[in-house]
Amino acid sequence: MKDRLTRRKWITTGLAAAGASGLVAAARLADRYGLIPPDHGGIYGAGETLTYATQRLLMSYHSLAREFDRSQISKVIPVNGPPPENETYELLREHDFKDWRFVVDGLVARPSAFSLAELKAFPSRTQITHQACEEGWSFIAEWTGVPLSYVLNLAGVRPQARYVVFLPFDPFWDSLDMPDAWHPQTLLAYAMNGEDLPAPHGAPVRLRVARQLGYKSIKYLARITVTDTLKNIGKGWGSYSPEIGYSWYAGI
């Protein structure tokens, strides 16, 4: 049986990782304890592993991102890109998303499909949090939605699950590990600043991950898949964060 990886042991190894050989040693230690991120290959792989494992060991899985007062909500909220320009999304939007269904499948006991009305009827959470973009801009907004953990519990996640994959109507998909998927501030958000989520910000439902950079908060959600691997996932759905130069783990 593997001995438990302590924070002290990881810090000691990380501090020793001054050169390439040290990073490789740290990566091997992370692999031993299941702390290897999906983008661990390539020239930056050891560094990505060190970052991810350090965050997971030094930060509590349940630590919360800072929440703000309503008076601190940003007056201007930037939009990054237009809504999807495909026939399926445009037709759903034209009918106020009444025919939209949020599919949950993969490693779950009860594959499901929820309407927008059903999601809104579930227990909700409202939080005012900061969203930081990798491009340098940021804003504070109020988000209301159903905690992702609630939907995952309804579907019955199987023990071997490692990731939740988020597949949208636009050409950019991504995923979270289970600690961030279960986190209480990870929302399937359907409202922003007290109103239905605007189309440019991800209507009808977007992911909001308060503890990661903005590109992880995937907009225009169509379905999620619970899986134990990211191999062969997302084919036909567009680009994935490591493929376009972003880190898979974007914790802040």
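**Pockets, a one-sided helix and a buried loop residue**

In this predicted model, the second largest pocket has a lining that splits into 6 nonpolar, 3 polar and 4 charged residues. That pocket holds about 220 Å³ of space. Its lining comes to 13 residues, and those nearest the centre are Pro 38, His 40, Arg 162, Tyr 163 and Thr 229.

The largest pocket offers about 480 Å³. Here 25 residues make up the lining, with Asn 80, Asp 170, Phe 172, Tyr 215 and Lys 219 closest to the centre. Sorted by class, the lining of the largest pocket has 14 nonpolar residues, alongside 6 polar and 5 charged ones.

Next comes Phe 169, which sits in the loop between strand S5 (163–168) and strand S6 (172–177). Loop or not, Phe 169 has a relative accessible area of just 18%, so it counts as buried, the cut-off being under 20%. Leaving aside residues up to four places away in sequence, Phe 169 touches Pro 84, Asn 86, Thr 88, Tyr 89, Leu 92, Trp 100, Tyr 220, Leu 221 and Ala 222. Lys 219 is 50 residues away from Phe 169 in sequence, yet their C-alpha atoms are 8.2 Å apart in space.

Helix H6 spans residues 148–155, and its buried residues are Leu 148, Ser 149, Val 151, Leu 152 and Ala 155. Looking down the axis of H6, these buried residues fall within an arc of 160°, so they line one face of the helix. An α-helix has 3.6 residues a turn, so residues three or four places apart point the same way. After H6 comes Gly 156, with a positive phi near 80°.

Terms used:
Residues numbered from 1 in each chain as written. Predicted model: local features only at pLDDT ≥ 70, side-chain atom pairs only at ≥ 80, totals over all residues. Heavy atoms only, no water. 1 Å grid on protein atoms, 1.4 Å probe; cavity = no way out; pocket = protein on both sides within 12 Å on 5 of 7 lines; lining within 4 Å. Points joined across faces, edges and corners; volume = space filled by probe spheres on them. Nonpolar A, V, L, I, M, F, W, Y, C, P; charged D, E, K, R; others polar. Buried < 20%, exposed > 50% of the residue type's maximum accessible area, 1.4 Å probe, protein only. Helix = DSSP H or I, 4+ residues; strand = E, 2+ residues; numbered from the N terminus. Arc of directions from axis to C-beta. Contact = heavy atoms within 4.5 Å.
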